[in-house]
Amino acid sequence: MQRSKTITILTSPTPKAPSPTDSDGSSSPTITKKPPVQYRIEERTRTIYVSSDVDPMKWDQHSITEILRVTEIADAEYDQSDSSQSHPSIRRSKSQPMDPLPEQVSDPRSVTSSPGAREHPPPRTTNKSNRRQTRIGPSLHVPTQYAPPISPVRLTPQNSYEPQRVLFYDKNDPYYGFTNFSTHPVVYKGKRYPTSEHLFQSFKFHDHKPGLAEHIRTCSERPSVAFSEARRFQPEVRPDWLQININKMEESLWHKFTQHADLRAELLSTGNAELVEASDKDAFWGWGADHHGRNELGKALERLRAKLRET
């Protein structure tokens, strides 16, 4: 915010002292012209530093806008008060003698030196009233006097420490326990299911094909086998499955997360973050290949998270 403006002043010639009386008794003063002397007047403004007792990482956009607005106002007021003070300092160019400025100056840029004037302009003084502070809210302020520079500010969400989106799917990534394929056994009506995927797939046959439901539970410890077997018997799936499948997923997740304290704590630790099953193969339970799928598993986990907070 520091700027300067240079003004050049050209002086007028100074008359030479009268020469001795000529032979005819008359005096004839002569004037010897000297090359004009250039002076430069630099008009400068101060640098403003912003400091705050609020962590810069927690500044919001409104505060930043207020800082810029108040700084511009303070800068304009400083210029007005500065123009009413004494003349700005004048620097000499090279080593030539300096001709003084007139005693009363209204515009320093239109000044020419006056012959015979020897009174130097008064030094520029500092007006302490310019050292002021403008408050912005209860804790943020903009000092117009010098303050040590602070580190650069990068605008971020106010709660940037909390993840905005949690992705889960890959076995080697965090939150794999949120998937139905994690090795967390589930007990349902006194029977053990190797994974929540086993329980969910068996729900397709529980009421009308209990033998197939038991087959899904015991076919293998691997969830992928339970998934394949349920698909193999697709014609036997209950006819209303598409109307109740989300409810059955929520039921499977409830038993899984209430029976494993570590999973419950991990789910609650996500705060209010969006939960997304990052599966490129499933646009219903996950976000699909274009990442715009329905993500029904993630939404079910978010509802479960809210329910667990109430219990």
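Exposed, on this tour, is the word for a residue with over 50% relative accessible area, and buried is the word for one under 20%. Keep those two cut-offs in mind as you click along, and remember that this is a predicted model.

**Stop 1: helix H4**

Select Arg232 and Glu229 together. They form a salt bridge in which the closest N and O atoms are 2.7 Å apart. Both residues sit in helix H4, which spans residues 223–232, and because they are three residues apart, about one helical turn separates them. The two ends of this bridge sit in contrasting surroundings. Arg232 has 52% relative accessibility, so it counts as exposed. Glu229 has 14%, so it counts as buried.

Now keep Glu229 selected and show its surroundings. Leaving out residues up to four places away in sequence, Glu229 touches His215, Ile216 and Cys219.

**Stop 2: a salt-bridge network**

Eleven salt bridges are present in the structure. Side chains of opposite charge can pair when their charged atoms come close. For the next view, select Lys191, Glu214 and Arg217, which are linked in a network of salt bridges.

Begin with Lys191 and Glu214. Their closest N and O atoms are 3.2 Å apart, and the pair forms a salt bridge. This bridge links distant parts of the chain: Lys191 belongs to strand S9 (residues 191–193) and Glu214 to helix H3 (residues 210–218), 23 residues apart. Lys191 is partly exposed at 38% relative accessible area, and Glu214 is partly exposed at 26%.

Then turn to Arg217, which forms a salt bridge with Glu214 at 2.4 Å between the closest N and O atoms. Here both partners lie in helix H3, three residues apart, or about one turn of the helix. How accessible is Arg217, buried or exposed? Its relative accessibility is 16%, so Arg217 counts as buried.

**Stop 3: where H5 meets H6**

Select helices H5 and H6 and draw their axes. The axes come within 5 Å and cross at roughly 105°. An angle from 65 to 115 degrees counts as roughly perpendicular, and H5 and H6 are therefore roughly perpendicular to each other. To see the contact itself, show Lys256, Phe257 and Gln259 in H5, which meet Ala261, Leu263, Arg264 and Leu267 in H6. Colour this contact by class and you will find four nonpolar residues, one polar and two charged.

**Stop 4: where H6 meets H7**

Keep H6 (residues 261–268) on screen and add helix H7 (residues 296–310). These two pack at an angle of about 100°, with axes 10 Å apart. H6 and H7 are therefore roughly perpendicular to each other as well. On the H6 side the contact uses Arg264, Leu267 and Leu268, while H7 brings Leu301, Leu304, Arg305, Leu308 and Arg309. Sorted by class, this contact of H6 with H7 has five nonpolar residues, three charged and no polar.

Arg264 and Leu267 deserve a second click. In H6, they take part in the contact with H5, and they also appear in the contact with H7.

**Stop 5: along H7**

Now isolate H7. What span does H7 reach from its first C-alpha to its last? The 15 residues of H7 cover 22 Å, close to the 21 Å expected at 1.5 Å a residue.

Next, highlight the buried residues of H7: Glu296, Leu297, Gly298, Ala300, Leu301, Leu304, Arg305 and Leu308. Bring back the rest of the chain to see what they pack against: strand S7 (165–168), helix H5 (241–259), H6 and strand S10 (274–277).

**Stop 6: the loop before H7**

Finish in the loop between S10 and H7, where you can select His291 and Asn295. A backbone torsion plot is handy here. Most residues other than glycine have a negative phi. His291, although not a glycine, has a positive phi of about 60°. Asn295 is likewise not a glycine, and its phi is positive at about 55°.

Which of the accessibility classes does each residue fall into? His291 is partly exposed, with 40% relative accessible area. Asn295, at 7% relative accessibility, counts as buried.

Note on methods: Residues numbered from 1 in each chain as written. Predicted model: local features only at pLDDT ≥ 70, side-chain atom pairs only at ≥ 80, totals over all residues. Heavy atoms only, no water. Axes fitted to C-alpha atoms, helices over the stretch in contact; angles between N-to-C directions. Helix = DSSP H or I, 4+ residues; strand = E, 2+ residues; numbered from the N terminus. Parallel < 35°, antiparallel > 145°, perpendicular 65-115°, else oblique. Contact = heavy atoms within 4.5 Å. Nonpolar A, V, L, I, M, F, W, Y, C, P; charged D, E, K, R; others polar. Salt bridge = Lys/Arg side-chain N within 4 Å of Asp/Glu carboxyl O. Buried < 20%, exposed > 50% of the residue type's maximum accessible area, 1.4 Å probe, protein only. Expected span 1.5 Å × (residues − 1).
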